[in-house]
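Trainee: I have just opened this one and would like to go through it with you, piece by piece. Could we start with a sheet and work outwards?

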Amino acid sequence: MNHEDISNPVIPDKPEPLYLSLIVPKSEVKSIKIALEAHTLLDKTIKISPTPSDTQAVQSCKDTACFTIPTVVKVNHSDLENDHVEARDAILERINYTDKTRIGVFVSSHRRLDDYGQNPLILAIHEWLNRLRDRGVSLPEIPNLFSDKCGWTYTVYSPMLLLPPNFLAKQPWCQLLAPPLQLYLPELWCIVCQKLKVTHIAINKPIPALVRKTSADSERDISKPNILRSPNDLTPIHGDFGEINLSPTEGNFRRALWVGTVQNDISQVWAPMYTMFSRGNISEKTRLLKLLSSASNSGTGRILSKPSEYSAVDLYAGIGYFAFSYAKAGAAKVLCWELNGWSIEGLRRGANKNGWTIKVIEYEQGEEPHGKEDREAKETQNERLLVFYESNSNAATRVEGLRDRIPPVRHVNCGYLPSSSDSWEVAVKVLDPVEGGWIHAHENVAIQDIDRRKSEVLNFFKDLVSQCYTAGSGANRFNVECQHVERVKAYAPGVMHCVFDIGLSHDEL
């Protein structure tokens, strides 16, 4: 391979690549763009633009003002005669968009920048290899260096570049990481940081459902649920991410790497070594915003309280994934429970960035209810978010002590996977006993079992309501319904992350 081969790769004479583009009504552009981006289907190298009125696919869009959203979904030249409706439906199903009749589709023959090797990672490798050759370093032959199969995908959460789990296991990385090139990798990472305007690089891995812990009285490893949702397998490869400390101090917070992103005009902040962020939850965050901002519940037709007239509870707050949607929608008070100190600090920083007042109340282990911290909670009249640094098993007691000082609790979010069932009894107890409300219960469910599980979850909540209220105090007047099952995203092959919307209402309301 000569110098010219590296700096100016020859583009072979081949047919122009073809990609699907969606024709979208103006009112749906933002939500579909966000969903496509969350599922890495949006072609960011091409601008979203108004669709010419003479485009054939506009007729299926059924709106006078339509926009073209380019995707990265390729089309074979042999399939040009097809109408591509199945491909469109597959995209819309993946992003959980149900009104398919409003969306048109057509094939465009533009070349994306990636087709010309303009991906910043590729450009960084070009420059790195050129520098090494200029210094006389002997370079091995690396076939198919810039093949599409190399998977040049990545995510930037400023100031961090996050590479996918199997990134370095693919070619050409196996050769780039081998001698003699591995000696020069620090220089490559510096160039990558320059190209992508980041300071840190890490390889992502899925958040484990279980974590290993060595028993104190034996040498064997035991597994326990990862209730702190810590990203144990995140692998830093460039930059200082801070020391490992699961019981952080203010000094740890100051020295750690903090990253951020914006979804639905909501800023979120987290320390990637200690807390997770799932951008795939964007569809559920968006749904919550629309649900809470709506004047009525489409499932029952009943009029809801205005957001400013109720409180919401998030029993697994994390860095504010769903709590911030309640705040953005205008809930008067959002009460949060979280056990991970790093998540709470991210929640605090994110709330400040969004301009919301927040107070964190930490209880001593084993502290009885109605102590000093409960008095402190009652004195917080102005904070939009009230965060309890403790187990959510105490939530019912804390909320009961605050009922005369906060608006009614109408929404409770139970956002823990693989199942949030341990919190469902608490969720029933914290809902307002007079007005009732909605519990959003998250679970991983096999796709073929979703209908069956819906019935099981509903019966479970009916039993809980009967147990939590004595006869005549509410249970016999509560209607308990599963008003909707939201399929958020695929969690694993054949397994769907679902949210069961459980509504509790009185007959006379």
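**A walk through the model**

Mentor: Let us begin with one pair of residues, His411 and Trp438, the latter lying in strand E18, which are bridge partners. Please keep in mind throughout that this is a predicted model.

Trainee: Okay, and how many bridges join E17 to E18, and are the strands parallel or antiparallel?

Mentor: Strand E17, residues 409–414, and strand E18, residues 437–446, run parallel and are joined by four bridges.

Trainee: Which helix packs on the sheet and touches E17?

Mentor: That is helix H13, residues 395–402, which touches E17 and also strand E14 (333–338) and strand E16 (385–389). The direction of H13 makes about 155° with that of E14.

Trainee: And what does helix H15 touch?

Mentor: Helix H15, residues 450–468, packs on the sheet as well, and touches E18, E19 and strand E20 (495–506), with its direction at about 140° to that of E19.

Trainee: What is the order of the strands in that open sheet?

Mentor: There are eight strands with mixed pairing, and they follow the order E15-E16-E14-E13-E17-E18-E20-E19. Strand E15 (358–362) and strand E19 (478–492) are at the edges, and each has a single partner strand, so one side of each has no neighbour in the sheet. From one strand to the next, the twist averages 15°.

Trainee: Switching topic: what about E5 and E6, how do they pair?

Mentor: Strand E5, residues 155–157, runs antiparallel to E6, and three bridges join them. The two strands form a hairpin with two residues between them, and Tyr157 stands opposite Met160 in E6.

Trainee: Is the peptide bond from Ser158 to Pro159 cis or trans?

Mentor: That bond is cis, with omega near 5°, and Pro159 is in the loop between E5 and E6. As a general point, most peptide bonds are trans. A second cis bond joins Leu417 and Pro418, where omega is about 15°, and Pro418 lies in the loop between E17 and helix H14 (424–430).

Trainee: Back to E6, then: which residues are buried on its two faces?

Mentor: In strand E6, residues 160–163, Met160 and Leu162 are buried on one side, while Leu161 and Leu163 are buried on the other, and both faces are therefore covered. E6 also pairs with strand E7, residues 200–203, in the parallel sense over four bridges, and Leu161 stands opposite Ile201 there.

Trainee: What is the phi of Lys197?

Mentor: The phi of Lys197 is near 55°, a positive value in a residue other than glycine. Lys197 sits in the loop between helix H7 (185–196) and E7.

Trainee: Is Lys197 buried or exposed, and what about Asn264?

Mentor: Lys197 has a relative accessible area of 72%, and because exposed means over 50%, it counts as exposed. Asn264 also has a positive phi near 55°, but with 12% relative accessibility it counts as buried, and it is found in the loop between strand E11 (259–263) and E12.

Trainee: Where is Pro272, and how far is it from Gly260?

Mentor: Pro272 is in the loop between E12 and H9, and it is buried, with a relative accessible area of 4%. Pro272 and Gly260 are twelve residues apart in sequence, and their C-alpha atoms are 9.6 Å apart in space. Ser278 is in the loop between strand E12 (266–270) and helix H9 (282–293) too, and touches Lys285, Tyr321 and Lys489, leaving out residues up to four places away in sequence.

Trainee: What does the side chain of Asn354 reach?

Mentor: The side chain of Asn354, a residue of helix H11 (residues 341–354), reaches the backbone oxygen of Ser267 at 2.9 Å.

Trainee: Last one: what is the mean pLDDT, and where does it stay under 50?

Mentor: The mean pLDDT of the protein is 80, and 75% of its residues reach 70 or more. Over residues 207–223 it stays under 50, although the model has 33 contacts for them beyond four places in sequence. Residues 295–303 are also below 50, and that stretch has 16 contacts beyond near neighbours in sequence. Where pLDDT is low, the predicted coordinates should not be read in detail.

How values were computed
Residues are numbered from 1 along each chain as its sequence is written. Side-chain values use heavy atoms; hydrogens and water are left out. A polar contact is a pair of N or O atoms within 3.5 Å; within protein, one must be able to donate a hydrogen and the other to accept it, and residues adjacent in sequence count only if both atoms are side-chain atoms. Contact means heavy atoms within 4.5 Å. pLDDT is the predictor's confidence in each residue, from 0 to 100. Two strands pair if DSSP finds at least two bridges between them. Axes are lines fitted to C-alpha atoms, for helices over the stretch in contact, and angles run from 0 to 180 degrees between N-to-C directions. Buried means under 20% relative accessible area, exposed over 50%, partly exposed in between (1.4 Å probe, protein chains only).
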